[in-house]
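Thanks for coming. I will go through side-chain contacts first and then a few helices, and the structure is on the screen now.

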Amino acid sequence: MNRRLALDIAVLAGCCLAFAGRMSARGFITDDAFISFRYARSVAEGHGPVFNPGERVEGYTNPLWVYLLASAAMIGAPPEVVAPALGLLAGVGTIVAAYGFARRVSPPLWAALIPAALCLSHDLGAWSISGLETSLFVFLITASAWRGAVEREGDHRPLSVWIAGLAALTRPEGLLWVAGVLKGRSFRATGVRVGIALVMLIPLQSFRAGYYGDWLPNTFHAKGAINLGRGLFYLGEFLRTHPGIPLWAPLAALAGRDWRVATPLTVYLAYLVAVGGDFMEFRMMVPVIVLSLALMAGLLPRLRRGMAVVLALGSVAGTWLPTMVGYRQASSPYMIESIDELAASASGWSRVGEFLGAMADPDDLIAVGPAGAIPFFSRLPAVDMLGLTDRWVARHGVPSSAAAGHERVAPYEYLARRRVVWLVGQPEVRRDASAAWEKISVRMPDGTYLILGTTLNPDSLRAVLAGRGVVVGAAGREGEEVQGRHAADQVVEGWRLANEGRRGEAHDVALNALEIARGLGTSWRWLVREAGLLADETGREPVGEERERKRWKSIPGEIPPAWRSALYDAKGAGDSLDTTGAAP
């Protein structure tokens, strides 16, 4: 065994073992991964690549990853178990490929810095076990760069095109690296490379058009917005927590060094900024971290030694920094969720999904904001309120700017039209049964309450829950109290609006309060009276004739002391307040 090979094996063995040992002890699967898991399970169970059986919507952008997981599921291996293992293996492969590329373009000492930096990288490690395709994609584009360097040294077999093609089947951004390896040593060689790329990519497009009836994934329509301000914030946050790392790619491109790698990476970085980055902690920046460090290894020998040492150590420290201190977002209207926050959310939502699956009828339709763990574990048909897996919402949903990749949201009217039974939205779990008036609180086995909405009326909801043994807070005394307080607050606010001359707004508030009050028990009869009087007083046309007004006043029920003074103040000190409900 020659010294070079021995050195390579020693460096890689130490770094890869450190990486695998560190990450295998940590559990982290993000919610978005469960979307792919649900598609994979659907394929394995014979329903095809769909989110809901019978609905052909391409709510994923990682077909190779989905079909790898589906293949495992067909032999009984659950996607949620296989995905982290495959991701960790791809993470190890990324370290090997990055070192292989660096050894081709720099001396051994500089090249050894790359696996040393990556084995302790918080970003590569966490996203390798996240259940997403991130590490597979990064491995494939890094392996393509390594193979491309080998080909430029004399081995002209176009294996780099095949590898880059697999990257494009893993994520659509892989097309950038396909373009980077198309140029051959001759016109004929370039033609062969283009032919290979077409052979790999045309079948996917043909399947997409034939099966889903669209040339682009549904996620393109849900996410297809430009947001430069948010993208610059995303880049700024990355630079703040990873000093200097993204600068190596444009420097290498400008220097003409490894431009086949540097140019696609620079375009990729510009694309990320243009579309607003991502809401998850630097998931989309993992390719930038890995390839920028590899490109750095090729540039360092061209610098003065002192400067090279400072820059190299600074970039390595920038890679390790998030591992040591974690990520905390700077103050901003834009949202980037940390890996710890994402892990906590997915864990809680898995529990919610399991509970809904046990509590709900198999045909109950749920509507969710996070469309991963809850639909996956509940196995219920689901409406994705953010539109990633819903064709109508992706194209017609209400525009939203809550977070990158969440550009639209389903309006309530659409959910009602679909007859959503459980409007989960962004799940909330509390220790008590209190909920906003339009929601219900369902007690889970551990004694906590899941706060849910529903598009059904009370009678339909009672029919749905009949015989299920479900404890519902808002269907009982606690929920009625919450709804009553909310409606009474609305009546007080309505009188204030009326006294400010905003009678139209006051009338709308009154009608809403009246609708709620009519569904409450006899102890809230006084609220029906007060809401009706407010509606009649503020309507552009009276709610009823004089006899209708007398009917409101004739409704019995004394106003509780807690509300008497509030209503008196709201109506105006000079206005008399009938607290008994007796007609004048």
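I start with Arg-418, which is partly exposed because its relative accessible area is 26%. Keep in mind throughout that this is a predicted model.

What does Arg-418 pair with? Its side chain meets that of Asp-390 in a salt bridge, 3.4 Å from N to O. The two ends come from separate places in the chain: Asp-390 is in the loop between β2 (382–384) and α19, and Arg-418 is in the loop between α20 and β5 (422–430). They are 28 residues apart. Asp-390 counts as buried, at 5% relative accessibility. There is also a third member, Glu-55, and salt bridges with shared partners join Glu-55, Asp-390 and Arg-418 into one network.

Stay in this region for the rings. Trp-392 and Tyr-414 have ring centres 4.4 Å apart and planes at 5°, so this pair is stacked. Trp-392 belongs to helix α19 (residues 391–396) and Tyr-414 to helix α20 (residues 412–417), with their positions 22 residues apart in the chain. Are the two rings buried or exposed? Tyr-414 is buried, at a relative accessible area of 6%. Trp-392 is partly exposed, at 30%. Trp-392 has another neighbour as well: Arg-417 lies over its face, 5.4 Å from the ring centre.

Next to Tyr-414 in the sequence is Leu-415, also in helix α20. Leu-415 is buried, with a relative accessible area of 2%. From Leu-415 to Leu-365 the C-alpha distance is 9.6 Å, although 50 residues separate them in sequence.

Back to rings in general. How many aromatic pairs does the model have? The count is 16. One of them is Phe-34 with Phe-377, a tilted pair at 5.3 Å centre to centre and 55° between the planes. Phe-34 is in helix α2 (residues 33–44) and Phe-377 in helix α18 (residues 373–378), so the contact ties together parts that are 343 residues apart in sequence. Phe-34 is buried at 4% relative accessible area, whereas Phe-377 is partly exposed at 25%.

Two more items on rings. The charged end of Arg-41 sits over the ring of Phe-376, 4.1 Å from the centre of that ring. And there is a cluster, in which ring pairs link Tyr-39, Phe-51, Tyr-60, Phe-207, Tyr-211 and Tyr-212.

Now the remaining charges. Side chains of opposite charge can pair when their charged atoms come close. The total here is 13 salt bridges. In one of them, Glu-153 meets Arg-104, with the closest N and O atoms 2.3 Å apart. Where do these two residues sit? Glu-153 is in the loop between α7 (134–152) and α8 (159–170), and Arg-104 is in helix α4 (residues 79–105), 49 residues away in the chain. Glu-153 is partly exposed at 48% relative accessibility, and Arg-104 is partly exposed at 36%.

Compare that with Glu-173 and Arg-171. They form a salt bridge with the closest N and O atoms 2.9 Å apart. Glu-173 counts as buried at 7% relative accessibility, and Arg-171 counts as buried at 10%.

On to two helices. Helix α15 (residues 286–299) has 14 residues and reaches 20 Å from its first C-alpha to its last, close to the expected 20 Å. How much of α15 is buried? The answer is 14 of its 14 residues, so the rest of the structure largely encloses this helix.

Helix α17 (residues 339–359) has 21 residues and spans 30 Å between its end C-alphas, close to the 30 Å expected. Its buried residues include Ile-339, Leu-342, Ala-346, Trp-349, Val-352, Gly-353 and Leu-356. As a reminder when reading such a list, an α-helix has 3.6 residues a turn, so residues three or four places apart point the same way.

Last, the surface. Leu-159, Trp-162 and Val-199 make up a nonpolar patch with about 280 Å² of accessible area together. Val-199 is in helix α10 (residues 187–212). With a relative accessible area of 55%, Val-199 is exposed, because the cut-off for that class is over 50%.

That is the end of the tour.

Key:
Residues are numbered from 1 along each chain as its sequence is written. This is a predicted model: local features need pLDDT of at least 70, side-chain atom pairs count only at pLDDT 80 or more; totals for chains, interfaces and linings use all residues. Side-chain values use heavy atoms; hydrogens and water are left out. Rings of Phe, Tyr and Trp (its six-membered ring) pair if their centres lie within 6.5 Å; planes under 30 degrees apart count as stacked, over 60 as edge-to-face and the rest as tilted. Helices (H or I, at least four residues) and strands (E, at least two) are DSSP runs, numbered from the N terminus. Buried means under 20% relative accessible area, exposed over 50%, partly exposed in between (1.4 Å probe, protein chains only). A charge sits over a ring if NZ of Lys or CZ of Arg is within 6 Å of the ring centre and within 35 degrees of the ring normal. Patches are made of residues with over 30% relative accessible area and no salt bridge: like charges are joined within 9 Å, nonpolar side chains (Val, Leu, Ile, Met, Phe, Trp, Tyr) within 5 Å. Accessible areas come from the Shrake-Rupley method with a 1.4 Å probe; for residues, only the protein chains shown count as cover. A salt bridge is a side-chain nitrogen of Lys or Arg within 4 Å of a carboxyl oxygen of Asp or Glu. The expected span of a helix is 1.5 Å times one less than its number of residues.
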